[in-house]
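Reader: Please take a close look at the open sheet in this model and at what surrounds it. A formal account with the criteria stated would be welcome.

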Amino acid sequence: MYKTIDKNDIDFLLSVCDKDDVIVGDEISEDFSHDELGGVEEYPEVLINARSTEQVSKIMKYAYENNIPVTPRGQGTGLVGASVAIHGGIMINLSKMDKILELDEENLTLTVEPGVLLMTISQYVEERDLFYPPDPGEKSATIAGNINTNAGGMRAVKYGVTRDYVRGLEVVLPNGEVINVGGKVVKNSSGYSIKDLIVGSEGTLGIVTKATLKLLPLPKKAISLLIPFPDLEMAINTVPKIIKSKSIPTAIEFMERDVILAAEDFLGKKFPDNTSDAYLLLTFDGNTKEDIEKEYENVANLCLENGAYDVFISDTQERNESIWSARGAFLEAIKASTTEMDECDVVVPRDKVAEFIKYTHDLQNELNVRIKSFGHAGDGNLHVYVLKDDMNEEQWNLKLKETFDHMYGKARVLRGQVSGEHGIGYAKKGYLHESQSEIYMNIIKNIKSAFDPKNLLNPGKIY
């Protein structure tokens, strides 16, 4: 049993933090009771706005000695309840630790505090002709949130995911001790990679208080292609052929007409084309227009040979922004079209994407529920949303479970995984257990126990 917070605990927290940074009980904003999707709701007993590693370490040590659960939190943009205080206790809000600490242009690294926003990092490095490639759709997420979910995003096809760009971490362990893992070195074969365990651990193994990120030189130009197809199957079946060609796009996204129309309504502006049922959206980057043209001409011809109606080329910043701002608004547009929704963030082998999406279309009719989807065709990561519309709470819970059971079951048949980039958190842990063997889940449990024997750090998540 966890300890309930009392006056002594509050007095201790006030001795470590400024009075304004300790928020208790009813004073805690409703925002901190849920994440972006809002399916899981629970308040912490006390909310701390942390300002330093030293504060986080002292609070964690005290919580460990007194058996108090602790939930780390960034901007709360997650979609699986990973930053919700399921067991009450202390929530440590790290988004106030938002300093850029060092740009090392010799080693091409950037060292930041956990609360720095993804969009701040992008702007900061691009102004200096450098590039941080991971590009999740939610630009207002904190970097530690991205690290904790191993966020992927649209450029993963060419550049990889967050884990590929984390060189070093400072981490507060559940007992309050501080360790540094990784560093500025490019290669490291010195024992187990604790750094790579922390990345993607959703705040269950340690609290990230500093991160050293790998940067690249900034590509000078980017050109996007919007490619309409008669149907989604034809579009998706072209993707493996694009990957096998010698031209590697930065991003390969798929979208359907109804999601584009929802984004147009939401943004109040027109997409360059909305007449086809299915589209691929590709981006190519490089240092000269000529280099990029060589790359995309090959792919454009390949798409036309495989049934595309046309290829719209966006070679100005304005056109690129109009397409990608619509793509970036898909989630919010779908959310605005219904009363509540939940997400299935599966990843399947690239050649199974069309089969999975066709399955969700059939499921809509079979289960009489609205399902919308879009995603990263280049890496098989699909974002499939089940919409509540006018169902009551009881109907919704039954329908959601039934729909998810079908979809995660199909993903298992296709040899996919439960989450491509949004994590497991609280909401999806049952599906993780179903998809993995008992041996595998015991390894997860033992890793958690090694870091956190009292199960105090973000309890109730993943396992």
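Author: A convenient entry point is V22, which stands opposite I48 in β2. The model is predicted, so local features are reported at pLDDT of at least 70 and side-chain atom pairs at pLDDT 80 or more, whereas totals for chains, interfaces and linings use all residues. Residues are numbered from 1 along each chain as its sequence is written, and side-chain values use heavy atoms, leaving out hydrogens and water.

Strand β2 (residues 46-49) joins β1 in the antiparallel sense over 3 bridges; strands count as paired if DSSP finds at least two bridges between them. In the complete open sheet, 4 strands follow the order β1-β2-β4-β3, with mixed pairing. The edges are held by β1 (22-24) and β3 (70-73); each has a single partner strand, so one side of each lacks a neighbour in the sheet. On average, neighbouring strands here are turned by 20° against each other, direction ignored.

Helix α2 (residues 53-66) lies across β2, β3 and β4 (90-93), and runs at about 165° to β4. Contact means heavy atoms within 4.5 Å; axes are lines fitted to C-alpha atoms, for helices over the stretch in contact, with angles from 0 to 180 degrees between N-to-C directions.

These elements belong to a protein with 15 helices and 18 strands, assigned as DSSP runs (H or I, at least four residues, for helices; E, at least two, for strands) and numbered from the N terminus. Its C-alpha atoms fill a box of roughly 70 × 60 × 45 Å along the principal axes. The radius of gyration is 23 Å, which agrees with the value near 23 Å for a compact globule of 463 residues; this quantity is taken over C-alpha atoms, and the rule is 2.2 Å times the number of residues to the power 0.38.

As for enclosed space, 2 cavities of 30 Å³ or more are counted. A cavity is a set of points on a 1 Å grid over the protein atoms alone where a 1.4 Å probe fits but cannot get out, and lining residues have an atom within 4 Å of a point. Grid points are joined across faces, edges and corners, and a volume is the space filled by probe spheres set on them. The second largest cavity holds about 30 Å³, and its lining includes P69, T71, I86 and N458.

How values were computed:
On a 1 Å grid over the protein atoms alone, a cavity is a set of points where a 1.4 Å probe fits but cannot get out, and a pocket is an open set with protein on both sides within 12 Å along at least five of seven lines; lining residues have an atom within 4 Å of a point.
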